[in-house]
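Subject: A structure for you to look at

Hello,

Here is the structure I promised to pass on. Please have a look at it first, and then read my notes underneath.

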Amino acid sequence: TAWKVSLFILYAAPIFLISWEGSRRVGLAFAVLCGVVWFLANKQFHPYATTGFAIATLNRILSFCFVAVCATAMKHQREETRARLDAMTRTRELEQELVRASEREQMRIGQDLHDGVCQSLAAIDCATQCLKDELESNAVPHTASAAMIQKMIRDTLLEARSLARGLFPVQMDPLGLPAALE
């Protein structure tokens, strides 16, 4: 082709691809090589008598180098963006795992409260009822104190059950009542 027809895109596309797939150094070396090829291919057709063609060649080489630098910069930007997205995804997964661990611990505490403290309070309530009945049958004047203790135990038992339900609410399982009771 004549020297006036620019085939820049035919040089720039391979430079871009080589810079994208390789390193910046490889891309710049290929850009300089393309500039030299452009110089040799158009040497006999240029109209400049002295240094004009050398300046045009330098301009072309710098343009090719710009393409190589832009390609590697875009590649690095893409890799950094991908790394940030991976880090955000990992952070989100860790946050969800933290929430799940917190929920499991909350459920465990609720179950322990229900199965431990509430059961002990219910047993103490029964024992207090037996004590109150025995005191009433023997006509001991401390029956009112036993009734007051029993009321305080029942209030504490209700409060503990409310706390246990708040920490670990009973939910119906798709398998039905036996699974929920289990």
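Below is what I found, starting with the whole chain and then moving to its cores and one helix.

A word on the ground rules: this is a predicted model, in which local features need pLDDT of at least 70 and side-chain atom pairs count only at pLDDT 80 or more, while totals for chains, interfaces and linings use all residues. Residues are numbered from 1 along each chain as its sequence is written, and side-chain values use heavy atoms, with hydrogens and water left out.

The protein has five helices and zero strands (DSSP runs, H or I of at least four residues for helices and E of at least two for strands, numbered from the N terminus). Of its 182 residues, 21% are buried (under 20% relative accessible area, with exposed meaning over 50% and partly exposed in between, using a 1.4 Å probe and protein chains only). The accessible surface comes to about 13,100 Å², and carbon and sulfur atoms account for 64% of that (Shrake-Rupley method, 1.4 Å probe; for residues, only the protein chains shown count as cover).

Next, the interior. The largest nonpolar core has twelve residues, among them Tyr11, Trp38, Phe53 and Phe64 (a nonpolar core is a set of buried Ala, Val, Leu, Ile, Met, Phe, Trp, Tyr and Cys residues joined through side-chain atoms within 4.5 Å). Helix 1 (8–21), helix 2 (24–42) and helix 3 (52–137) each supply at least two residues of this core, and helix 3 gives the most, with six. A second, separate core of six residues includes Cys118, Ala122, Ile153 and Leu157. Leaving aside neighbours within four places in sequence, Ala68 is in contact with Ile15, Ser19, Gly27, Leu28 and Ala31 (contact means heavy atoms within 4.5 Å).

Helix 2 is a good one to zoom in on. Its buried residues are Gly27, Ala31, Cys34, Gly35, Trp38 and Asn42. Seen down the helix axis, they fall within an arc of 100 degrees, so they line one face of helix 2 (the arc is that of the directions from the helix axis to the C-beta atoms). Helix 1 and helix 3 are among what covers these buried residues, whereas Arg25 and Leu40, on the other side of helix 2, are exposed.

Finally, take a look at Ile9, which is found in helix 1. Ile9 counts as exposed because its relative accessibility is 61%.

Best wishes
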